Amino acid sequence: MEHKLTNRGTYYSAPIATIPLGNRILEAPQHPRHVLATIRDQHSLDFSELLNTSSYVNTVFEPEEEAVVKIGMRINLADQTVYTQSFDLHNRTLNMVADLWNCPKPVDFDKKGCYAGAGTVGSTEACLLAGLALKFRWRKWYKARTGKSNLEVRGTIPNIVISTQFQAAWEKLFKYMDVEPKYVVPTSDGKVVPEHYGNQIDDKTIAVVCIMGNHYAGVYDPVSEVDKVVSRVNKEKGFQVGIHVDAASGGFVAPFQEEVPEWDFRVPNVLSISASGHKFGESICGTGWVVWRHREDLSDHVAISVSYLGGEGESFTLNFSRPATGVYVQFYKFLRLGREGYRGLVRNSMKVAKYIRDEMKAMKHPKSGKPFFTFLDNGDDNCLPVVACRLNPELNLPYDDIDLQHALAGGHWYVSGYKMSFHDVAKDDQEEPLFSDQDKDETMFRIVVKSNLTMPMAQNLISTMDAALKFLENHGEGYNQSHGGRQGKHAAC
Ligand SMILES: *Cc1c(COP(=O)(O)O)cnc(C)c1O
């Protein structure tokens with residue numbers, strides 16, 4: 001039986017406050033304030049996004065940015081013909097990104113008014129587009145090399161060489177776009193051996209992917225060293241394998257760190273780079289970027305040309321309609337922060353990460369006096385502002401990293417634990433060890449220092465960590481059972 005709904009009274013005295021959240025559209029319209037209250041209430045039960053140290057996604061915006069969001073949400077960026085000036089902003093923002101990554105000016109820059117690239121919905125769409133362009137480029141080359149027919153070439157499954165620390169975006173490429181992953185397995189310090197990429201390359205390899213800041217521990221893949229290996233293999237075997245850099249997080253961090261070896265378009269074999277504008281790019285959730293070195297035989301493969309009065313444009317994205325908000329906010333942040341502002345953000349985040357790391361290094365198990373944690377991140381520089389670690393296995397504790405995650409949640413912090421495993425698409429999604437030196441059932445956790453995690457907040461996180469460890473020391477025995485043992489699983493983003 002449905003309540004007769006009225007719009008009178010306050011939210012809490014109105015019938016809507018007594019109706020369970022349903023799965024069917026109600027008959028009667030509601031007061032806007034009451035609808036807002038319903039949604040606010042629901043959201044208040046979430047973890048606070050500001051205390052979510054598991055995610056890389058930016059959550060802080062100035063009031064002016066919120067105004068910008070309101071303008072952008074009414075603009076469909078796919079309508080290049082109507083919203084020419086908004087699309088001009090897209091192109092200018094894209095050019096700023098390409099310039100930041102030292103992309104050489106393509107020959108058709110003046111004709112097109114922009115680098116080859118696109119604003120996307122996050123890194124995932126950017127990675128998928130880059131992967132597709134590389135796949136089609138490879139097909140052309142493979143056909144010429146083998147003399148096979150189009151049909152035969154299309155029936156041949158190509159591969160991509162990538163570290164097991166790939167983010168789930170790549171799992172989508174493997175599955176949706178029929179690309180077989182060939183893995184390079186790092187050690188638990190997140191380090192890969194450049195030579196291992198070379199061993200995996202064959203004549204069906206569309207590209208090598210280097211990750212600039214893997215999401216597990218924020219370690220950068222050694223792009224310029226991998227580049228040398230790729231050049232050598234290409235020369236020896238007559239291949240044309242290029243590198244895609246997945247710089248989802250590092251794309252807006254590494255350019256502002258002095259100590260990082262060359263990783264962008266300065267590296268000869270780098271053909272494309274993708275990044276999430278909504279991570280350290282500081283834009284709004286749903287912003288991503290992909291930039292190609294050139295159009296010919298690369299981004300051309302995924303471009304649909306759209307013509308409009310007085311101009312000619314190209315559409316790269318997998319989808320058409322989408323709001324202009326991501327582009328607007330990214331442009332806002334570039335203009336607002338400048339390079340100096342981004343440098344300041346990176347400097348601060350790295351400093352806070354170091355503080356958290358140092359404090360955690362100093363935490364000792366009360367009985368044995370041994371350190372509570374062992375660390376998996378890269379230390380204090382040439383990496384993302386991330387602290388990645390695990391409870392010291394030597395301590396043989398009756399609780400694990402996932403228990404610690406639950407205990408920290410008592411202090412409102414969301415710190416997520418992970419298993420050191422990945423899903424192998426080639427083996428029906430079977431779980432395989434992430435690292436060459438650790439069992440797949442071992443766990444770890446990480447703290448991402450986003451720009452809103454200031455020093456005073458980090459101090460609170462450390463005291464919460466202290467309290468959580470004390471709690472687990474006193475109640476840890478059997479606590480493990482409460483979440484069914486080592487079952488921690490989390491879709492990292
Ligand atoms: C976050 C991340 C992605 C996916 O990015 P979205 O912007 O969430 O789509 C891909 N690769 C890496 C390395 C990431 O960290």
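Me: Which helix gives the most to the shell around the ligand?
Reply: Helix α5, residues 122–146, gives the most, with 3 residues. Keep in mind that this is a predicted model.

Me: Which residues come nearest to the ligand?
Reply: Start with the whole shell. There are 13 residues around the ligand. Of these, Thr-124, Asp-246, Ser-276, His-278 and Lys-279 come nearest.

Me: How do the residues of the shell divide into nonpolar, polar and charged?
Reply: Sort them by residue type. Here 2 are nonpolar, 9 are polar and 2 are charged.

Me: How do I read a polar contact, and what does Asp-246 do here?
Reply: Look for a pair of N or O atoms within 3.5 Å. In the side chain of Asp-246, an N or O atom is 2.7 Å from a nitrogen atom of the ligand. Two other side chains face ligand oxygen atoms. His-278 has a polar side-chain atom 2.7 Å from a ligand oxygen. For Lys-279 the distance from a polar side-chain atom to an oxygen atom of the ligand is 2.8 Å.

Me: How much of the ligand's accessible area does the protein cover?
Reply: Take the area of the ligand on its own, then ask what share the protein covers. On its own the ligand has 380 Å² of accessible area, and the protein covers 93% of that.

Me: Now Thr-325. Is that residue buried or exposed?
Reply: Buried means under 20% relative accessible area. Thr-325 has 11% relative accessibility, so Thr-325 counts as buried.

Me: Where does Thr-325 lie, and what does Thr-325 touch?
Reply: Thr-325 lies in helix α10, residues 325–361. Leaving out residues up to four places away in sequence, Thr-325 touches Val-69, Gly-72, Met-73 and Ile-284.

Technical notes. Residues are numbered from 1 along each chain as its sequence is written. This is a predicted model: local features need pLDDT of at least 70, side-chain atom pairs count only at pLDDT 80 or more; totals for chains, interfaces and linings use all residues. Side-chain values use heavy atoms; hydrogens and water are left out. Helices (H or I, at least four residues) and strands (E, at least two) are DSSP runs, numbered from the N terminus. Buried means under 20% relative accessible area, exposed over 50%, partly exposed in between (1.4 Å probe, protein chains only). Contact means heavy atoms within 4.5 Å. A residue is near a molecule or strand if one of its heavy atoms lies within 4 Å of it. A polar contact is a pair of N or O atoms within 3.5 Å; within protein, one must be able to donate a hydrogen and the other to accept it, and residues adjacent in sequence count only if both atoms are side-chain atoms. Accessible areas come from the Shrake-Rupley method with a 1.4 Å probe; for residues, only the protein chains shown count as cover. Ala, Val, Leu, Ile, Met, Phe, Trp, Tyr, Cys and Pro count as nonpolar, Asp, Glu, Lys and Arg as charged, and the others, Gly among them, as polar.
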